Amino acid sequence: MLNKINALRAEIEAIQAATPEEVEALRIKYLSKKGSVSLLMNDFRSVPAEEKKAVGMAINELKNFATEKINSLREASEAGKAKAEIPDMTRTPAPWPLGTRHPLSLVRDEITGIFRRLGFNIAEGPEIEDDWHVFSSLNFAEDHPARDMQDTFFIQRSPDVLLRTHTSSVQSRVMEHTQPPIRIICPGRVYRNEAISARAHCFFHQVEALYVDKNVSFADLKQTLLYFAREMFGPETKIRLRPSYFPFTEPSAEMDISCNLCGGKGCGFCKGTGWVEILGCGMVDPNVLDACGIDSKEYSGFALGMGVERITNLKYRVNDLRLFSENDVRFLREFEGAH
């Protein structure tokens, strides 16, 4: 009988369990009413009287040992389960769909990348500006419509503090503190007091470029524009320049590119003309150079500016400007493979 008890003790000592379910199965096997330890009591009746005391003590010790062993396994399995349930805070949740860059960011970076290859550096400035850098230094007349509250967001009804209406204010700030040669590109968000619709918004994004040095000519501007258009829209792209007016450039022009849908033959997108307008440009007005502390008799320069939304529309055929700022995941997912 003692040999049987010792053999069962050795068996219990070797048992292992990884889960609470396995522990419960072992408890039933050894400690339930029909378990191995409990069944020893049936054999105890046939033990000789002189051995009952020793055998009884051995059975009680075995029962206590089995109980402690089972409880130990239960605590270990429950601790392991609790640890497994604690999430790893350094791990990215899975499955977790990867996002994508915003289409405006894609196009802005593509534009700036083209000009950086031409030697232009990125310059940035504040979105809350003053009248001097947004209007006066850029040759805007005192009665220019852009100065009206109907066209510009002024801060606290102040005539001198406003949300910038173009990133040309960055150009004037750079020219104030830097002597030529200046070759910069200015991406950023701008604001205008317009009704929000599919074709207009109260804020949008621009990229402007400025080049000031000795002997800069309109031919330099044209060649830069041609290079940009072919890098952006394809090597077969053609450009044309139409006379225009901007307060800060003279002469001024608007640039069209050949429609990249119909190849210049005429379609609904280009309204049958074969051309699509994408930006404004011109030679920097001497008054602007002088106002910013640059000698207009020694230096000349060109400037150009475009709306990022406009270029994005041309590349991706987005017909509603409001989609760019509504954060609709369905819209953003359409650009997952753009770059």
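Reader: Is Cys259 buried or exposed?
Author: This is a predicted model. Cys259 has a relative accessibility of 1%. Buried means under 20%. So Cys259 counts as buried.

Reader: Is Cys186 buried or exposed?
Author: The relative accessibility of Cys186 is 0%. The cut-off for buried is under 20%. Cys186 therefore counts as buried.

Reader: How many disulfides does a search of the whole structure find?
Author: A disulfide needs two cysteine sulfur atoms within 2.5 Å. A search of the whole structure was made for such pairs, and the number found is zero.

Reader: How far from Cys186 is the nearest cysteine sulfur?
Author: Cys186 is in no disulfide. The nearest cysteine sulfur belongs to Cys292. A disulfide would need the two sulfurs within 2.5 Å. Here the distance is 12 Å.

Reader: How many salt bridges are there?
Author: Side chains of opposite charge can pair when their charged atoms come close. The cut-off for a salt bridge is a nitrogen to oxygen distance within 4 Å. By this rule the count is 14.

Reader: Which residue meets Asp109 in a salt bridge?
Author: The N to O distance in this pair is 2.0 Å. Asp109 is partly exposed, at 28% relative accessible area. Its partner is partly exposed too, at 45%. That partner is Arg101.

Reader: How many residues apart are Arg173 and Asp130?
Author: Arg173 and Asp130 form a salt bridge, with their closest N and O atoms 3.9 Å apart. The pair links distant parts of the chain. Arg173 sits in helix 7 (residues 168–177) and Asp130 in strand 2 (residues 128–130). In the chain they are 43 residues apart.

Reader: Is Arg173 buried, partly exposed or exposed?
Author: Partly exposed covers the range between under 20% and over 50%. Arg173 has 27% relative accessibility. So Arg173 counts as partly exposed.

Reader: Which strands hold Arg240 and Asp256?
Author: The side chains of Arg240 and Asp256 meet in a salt bridge, at 2.8 Å from N to O. The pair ties together parts that are 16 residues apart in sequence, because Arg240 and Asp256 lie in strand 6 (residues 239–246) and strand 7 (residues 249–258).

Reader: Is Asp256 buried or exposed?
Author: Its partner Arg240 is partly exposed, at 33% relative accessibility. Asp256 has a relative accessible area of 2%. Asp256 is therefore buried.

Reader: Which residues join Arg240 and Asp256 in one network?
Author: Some salt bridges share partners, and these join the residues into one network. Besides Arg240 and Asp256, the network holds Arg242, Glu254 and Glu277.

Note on methods
Residues are numbered from 1 along each chain as its sequence is written. This is a predicted model: local features need pLDDT of at least 70, side-chain atom pairs count only at pLDDT 80 or more; totals for chains, interfaces and linings use all residues. Side-chain values use heavy atoms; hydrogens and water are left out. Buried means under 20% relative accessible area, exposed over 50%, partly exposed in between (1.4 Å probe, protein chains only). Helices (H or I, at least four residues) and strands (E, at least two) are DSSP runs, numbered from the N terminus.
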